[in-house]
Amino acid sequence: MSADITVSIAGDERSVPAGTTAADLFGDDRVVVVARVDGQLRDLAGPLPDGAVVEPVTIDSEDGLNVLRHSTAHVLAQAVQQVNPEAKLGIGPPIRDGFYYDFDVDRPFDPDQLKALEKVMQRIINEGQTFQRREVEDDEARQELADEPYKLELIGLKGGSAEDSAEGASVEVGGSQLTIYDNVRRDGDRAWGDLCRGPHLPSTKLIGNAFKLIRSGGAYWRGSEKNPQLQRIYGTAWPSKAELKAYVERLAEAERRDHRKLGAELDLYSFPDELGSGLPVFHPKGGVIKREMEDYVRRRHIEEGFDYVGTPHISKDGLFHTSGHLPYYADTMFPGMELEGAQYRLKAMNCPMHNLIFSSRGRSYRELPLRFFEFGSVYRYEKSGVVHGLTRVRGMTQDDSHSYVTAEQAPDEIKHLLGFVLSLLRDFGLDDFYLELSTRETEGEKAAKFIGSNEQWEEATRILEQAALDTGLELVADPGGAAFYGPKISVQAKDAIGRTWQLSTIQYDFNQPARFGLEYQAADGTRKQPVMIHSAKFGSIERFIGVLVEHYAGAFPPWLSPVQVLGVPVADEFADYLQDVLGQLRAKGIRVELDASDDRFPKKIRNASKSKVPFVLIAGDEDRSAGAVSFRYRDGSQKNGVPVAEAITEIVEAVESRQQV
RNA sequence: GCCGACGUGGCGCAAUUGGUAGCGCACCUGUCUUGUAAACAGGUGGUUAGGGGUUCGAGUCCCCUCGUCGGCUCCA
């Protein structure tokens, strides 16, 4: 054991005694939680091989956070089995901002149990138990985990294709060597153990008190509804209490912005039970936002060479057989209704009807690209458990377009569409994007749902990918996420508090033109099939309104605000004067309101503030005698004694330039 | 669709072991009204989501339906 080995630390070659561990190298530094040894994450306690390249991994790095959260998940599982030895273990991987662990238990967890489990976890953490790695043979593991049916199943999967294992399963058994992690008390007692690939924190102590159990819910074993349902507990863990607090505050902020709550408070829309689940109605104020959006988006489409068209909400079902939507997607369409011997269906997508407009007469290559656009109302029978506010509804308005182009024109058309949708999103105040390229599933049972030849898919995917790369935006692959008729690019936008939303989609479709027999006459007199490019800019108007409500927390930029200017007289006497100013604004197309209620001034200010109107104009004696008004902005700041003409200019300019104030 | 929780006037909430449904805001009426987040007083409004059952008696207990919330699955 006296022989030295050489290890390389941050580029520095060092000679150390054989058996040296990463803990020996970095142990003094408490923020180092694991080591990257020759590119692999390892426990600090493992002896280093000769010639190893070793890097410290700190708890606040991405890898470090994952280890922290994975170890916290283990402590949760330990606590659950301590309280209920009958609980069977599923998997417990780290996820974004936290972790979960799945359990098979007789009774689902309730919030009180989560609180109690936190306490049990805290005791384990305070004990400073160490995670000790132990390599085991498959048979050994099977014996040791005889009471853990799910773990046994994972052992059986080991080495299987990644597709077969559930998300997170690799955290438990990845690689060929099985390992069990024992949680060992300071006196050497083994408190608990779990099949796990690791690595783990050196000690539970490092979790400190910066963790929290968030919620619980059902989750299918290995992500398939054919499997039994386990009970999942979600939690979060951070390097410090302060970071945990900041995270909890972020969750609270998201709750404050919830578009369902703000929609009711601001009187924008509602979801009457009488209509049915997932069917929103827009109140006058929400109607203003919807109309402003639609007006602007319609105008921009026309400027960009689209033709505005219109189609009905319902049609005979043969159309959807032609398009290929039926029978594949029958379960997400509302059931048919029989009329005069024909089955009618509510429209779930606009493209088939646009195809009929295309084929309503002979088309020439001179007409292409031909771009049809509309706000198409579609109805989808979303499963009862997924309907959610405005973001997942059963009746919605798509800002949908279909470009019919020659195969040669397709790349340019896609670039044009991408540039267009990005510019539209920027106009609405979203400017942090990345793109996702959704392609078909090539293996497994899902592969069958995609129609078309390999060549067609490859060609379409290549064209989309190139257009996406040309934007210079980050591009993320999404295998298996394509529509059945072709690959798609989607635009993911980050909102004001960092959440991403899938908004625009652009899809390349070689299937429907063939199915509908679409053709145009080319310059050489032959008949050719156009390529069809689907594009939704906001996805659905309803959903986008929901996203904007959360993005702006209800404080819309003036051009979208239902009420743009609210007049608040200091006393009744000044109402007429203010009304006159508002009249001048109204003449310029500004949406104004006067608070002529018999509330007193401070109450009117409070109401104005709660309504989130961008410009509150106040007038009292001083303003009136100076021919001026005073501004109160949403942040509470003021600007007093502004000459009326100046005030009008400021407001009109803010609205016209679509800026936020 | 699956697992769980929940459903009380427009909104937010109360209602001891089953024993005559309350409060705040909003709304209406009146008095009041001068400078930046709540003047005062009075009043209207609920067959406790809907239906069925247990009970002398149900907002409270049981069943069904609808809806909401949190997960899972799904999302052309």
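How many Å separate a polar side-chain atom of glutamine 229 from a sugar or linking oxygen of RNA strand B? The structure is a predicted model, and in it this distance is 2.2 Å. The tour begins at this contact.

**Stop 1: RNA strand B and its surroundings**

Select RNA strand B and display the residues around it. There are 59 of them, and the closest are Tyr220, Gln229, Glu573, Lys603 and Asp623. Next, colour the RNA atoms that lie within 4 Å of the protein. Sugar or phosphate accounts for 49% of these atoms, and the rest belong to bases.

**Stop 2: Two contacts with bases**

Select lysine 383. A polar atom of its side chain lies 3.1 Å from a base oxygen of RNA strand B. Then move to glycine 385, where a polar backbone atom is 3.2 Å from a base nitrogen of RNA strand B. The contact of lysine 383 thus involves the side chain, whereas that of glycine 385 involves the backbone.

**Stop 3: The elements beside the RNA**

Switch to a cartoon view and select helix 17, residues 601-611. Which element gives the most to the surface near RNA strand B? It is helix 17, with seven residues. Other elements that each supply at least two residues to this surface include strand 12 (211-220), strand 13 (229-237) and helix 18 (621-626). Strand 32 (628-632) and strand 33 (638-643) can be added to the selection on the same grounds.

**Stop 4: A nonpolar patch**

Select Ile314, Met337 and Leu339 and show their surface. Together they form a nonpolar patch with about 220 Å² of accessible area. Within this group, methionine 337 is located in strand 18, which spans residues 337-339. Is methionine 337 buried, exposed or partly exposed? Its relative accessibility is 36%, so it counts as partly exposed.

**Stop 5: Cysteines**

Select cysteine 196, which is buried with a relative accessible area of 0%. Cysteine 351 also counts as buried, at 3% relative accessibility. A disulfide is a covalent bond between the sulfur atoms of two cysteines. How many disulfides does a search of the whole structure find? The search finds zero.

**Stop 6: Glycine 554**

Finally, select glycine 554. It is situated in the loop between helix 15 (541-552) and strand 29 (565-569). Because its relative accessible area is 4%, glycine 554 is classed as buried. Add leucine 65 to the selection and draw a line between the two C-alpha atoms. Glycine 554 and leucine 65 are 34 Å apart in space by this path and 489 residues apart in sequence.

Definitions and conventions. Residues numbered from 1 in each chain as written. Chains lettered and ligands numbered in written order. Predicted model: local features only at pLDDT ≥ 70, side-chain atom pairs only at ≥ 80, totals over all residues. Heavy atoms only, no water. Disulfide = S-S within 2.5 Å. Buried < 20%, exposed > 50% of the residue type's maximum accessible area, 1.4 Å probe, protein only. Patch = residues over 30% accessible without salt bridge, like charges linked within 9 Å, V, L, I, M, F, W, Y side chains within 5 Å. Areas by Shrake-Rupley, 256 points an atom, 1.4 Å probe, with all protein chains shown as cover. Salt bridge = Lys/Arg side-chain N within 4 Å of Asp/Glu carboxyl O. Helix = DSSP H or I, 4+ residues; strand = E, 2+ residues; numbered from the N terminus. Near = heavy atom within 4 Å. Polar contact = N/O pair within 3.5 Å; in protein donor to acceptor, adjacent residues only side chain to side chain.
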